[in-house]
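The following exercises are to be worked with the sequence and the model at hand. Each task is followed by a solution in steps.

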Amino acid sequence: MALPMVEPREGMPSRVVVYEVGPRDGLQNEPVTVPVEVKAEFVGRLLACGLQTVELTSFVPRSWVPQLGDAEELLAMLGAEVNPAGRVVLVPNERGLDRAVAAGARAVAIFASATESFARRNLNRSVAESMAMFAPVVRRARQEGMWVRGYVSMCFGDPWEGPVPTAQVARVCEELLALGCDQVSLGDTIGVGTPGHVEALLGELAGVGVGADRLAVHFHDTYGQALSNTLAALNLGVSTVDASAGGLGGCPYAQSATGNLATEDLVWALTGLGIEHGVDLEALVRTSVWMSSHLGRSSPSAVVRALADTGG
Ligand code: MG
């Protein structure tokens with residue numbers, strides 16, 4: 001593949017970690033139930049594409065997210081060789097952590113909210129109460145030697161509260177880092193962020209001592225801004241970017257959301273910028289086309305469509 005042409009841009013990271021969320025965040029928001037054997041093959045194919053960091057599943061109660069009710073089975077099926085530090089599982093609370101530890105997970109993510117409204121709806125707690133719930137989870141995960149990521153959702157806007165002040169987001173990020181999280185992922189859950197807003201939030205975080213090295217970005221393409229926002233974050237030194245193969249996963253809280261930034265779209269942009277990512281784009285496109293056949297719908301990713309149409 002000779003395209004895109006490579007034209008590096010001053011001031012960007014030389015290497016980016018593509019944090020693949022398709023098997024968890026992607027499938028969690030897909031209405032078609034996917035058998036565990038297909039999930040295991042999906043993860044295997046993603047790893048074979050060169051993706052080093054993959055969020056595999058979530059240890060939430062089956063009644064919360066039926067799609068991910070097979071977390072133990074999936075990890076058992078994947079085997080020990082796909083459970084090192086780059087394979088992350090979501091844990092909502094201590095019970096979830098117990099299950100993750102028993103299943104052999106080595107890296108976990110917790111899911112916090114920048115706003116009171118979403119904390120209430122998603123966690124049935126205030127922001128402060130949810131931090132109190134996470135504290136023992138993070139402490140024990142670290143005692144187990146696990147890597148810990150903290151997600152912050154609604155960083156760029158909230159469907160119930162509207163605009164979210166950057167200082168409020170920064171406070172939640174600081175608290176998660178103080179609990180012991182290794183990394184915080186800034187989630188634009190409803191996809192309303194724009195590049196200037198990304199710069200403002202990263203500036204706010206830098207002002208309170210939270211550098212880009214401890215941050216990841218998680219953009220949604222609902223309003224077509226995910227890649228623009230990603231470039232703004234890369235310009236300010238962020239070098240971990242969340243993305244979902246084929247753009248899997250809508251968002252149940254945003255009307256007609258197109259969901260996660262597609263990994264293929266991200267990889268195309270990184271390649272053009274001469275940024276190392278380690279991903280075999282053509283193999284990834286084949287994987288997403290294959291996954292689409294299991295979901296009964298085509299991928300919303302522009303790059304998947306373009307390359308699949310040309311036989312790529
Ligand atoms: Mg997402």
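A disulfide is taken here as a pair of cysteine sulfur atoms within 2.5 Å. The model is a predicted one, in which local features need pLDDT of at least 70 and side-chain atom pairs count only at pLDDT 80 or more, while totals for chains, interfaces and linings use all residues. Residues are numbered from 1 along each chain as its sequence is written, and side-chain values use heavy atoms, with hydrogens and water left out.

**Exercise 1. Cysteines**

Task: State how many disulfides the structure holds, and explain why Cys155 is not bonded to the closest cysteine sulfur.

Solution. Step 1: A disulfide is a covalent bond between the sulfur atoms of two cysteines. Step 2: The structure holds zero disulfides. Step 3: For Cys155, the closest cysteine sulfur belongs to Cys173 and is 5.6 Å away, which is too far for a bond. Step 4: Accessibility is classed as buried (under 20% relative accessible area), exposed (over 50%) or partly exposed (in between), with a 1.4 Å probe and protein chains only. Cys155 is buried at 1%, and Cys49 is buried at 3%.

**Exercise 2. The magnesium site**

Task: Identify the protein donors of the magnesium ion and describe their spacing in sequence.

Solution. Step 1: Donors are N, O and S atoms within 2.8 Å of the metal (3.2 Å for Na, K and Ca); water is not among the atoms, so sites may look incomplete. Step 2: The protein donors are Asp25 (OD), His218 (NE2), His220 (NE2) and Asn260 (OD1), at 2.0 to 2.2 Å from the ion. Step 3: Their spacing in sequence follows the pattern D-x192-H-x1-H-x39-N. Step 4: Asp25, in helix H1 (residues 22-28), and His218, in strand S7 (residues 215-218), are 193 residues apart, so this pair links distant parts of the chain. Helices (H or I, at least four residues) and strands (E, at least two) are DSSP runs, numbered from the N terminus. Step 5: Asp25 is buried, at 7% relative accessible area, and His218 is buried as well, at 6%.

**Exercise 3. Two asparagines of helix H9**

Task: For Asn229 and Asn235, determine whether each is buried or partly exposed, and list the residues that each touches.

Solution. Step 1: Asn229 lies in helix H9, and Asn235 is found in this helix, which spans residues 226-235. Step 2: Asn229 has 0% relative accessibility and counts as buried, whereas Asn235, at 34%, counts as partly exposed. Step 3: Contact means heavy atoms within 4.5 Å. Leaving aside residues up to four places away in sequence, Asn229 touches Asp188, Gly193, Thr194, Pro195, Val198 and Phe219. On the same basis, Asn235 touches Arg9, Glu10, Gly11 and Met12. Step 4: A polar atom of the Asn229 side chain lies 3.1 Å from the backbone oxygen of Gly193. Step 5: Asn235 and Met12 are 223 residues apart along the chain, yet their C-alpha atoms are separated by 5.3 Å.

**Exercise 4. Helix H10**

Task: Establish how many residues of helix H10 are buried and which elements they pack against.

Solution. Step 1: Helix H10 (residues 263-272) is mostly covered, with eight of its ten residues buried. Step 2: Among them are Leu266, Val267 and Leu270. Step 3: The buried residues of H10 pack against strand S1 (17-20), H9, strand S8 (240-243), helix H11 (281-295) and helix H12 (302-309). Step 4: Just after H10, Gly274 takes a positive phi of about 70°.

**Exercise 5. Salt bridges**

Task: State how many salt bridges a search of the whole structure finds, and locate the partners Arg15 and Glu276 and Asp98 and Arg140.

Solution. Step 1: A salt bridge is a side-chain nitrogen of Lys or Arg within 4 Å of a carboxyl oxygen of Asp or Glu. Step 2: The search finds ten. Step 3: Arg15 and Glu276 meet in a salt bridge at 2.8 Å, N to O. Arg15 is in the segment before S1 and Glu276 in the loop between H10 and H11, 261 residues apart. Arg15 is partly exposed, at 39%. Step 4: Asp98 and Arg140 meet in a salt bridge at 2.8 Å, N to O. Asp98 is in helix H4 and Arg140 in helix H6 (residues 127-143), 42 residues apart. Asp98 is partly exposed at 33%, and Arg140 is partly exposed at 24%.

Technical notes:
A polar contact is a pair of N or O atoms within 3.5 Å; within protein, one must be able to donate a hydrogen and the other to accept it, and residues adjacent in sequence count only if both atoms are side-chain atoms.
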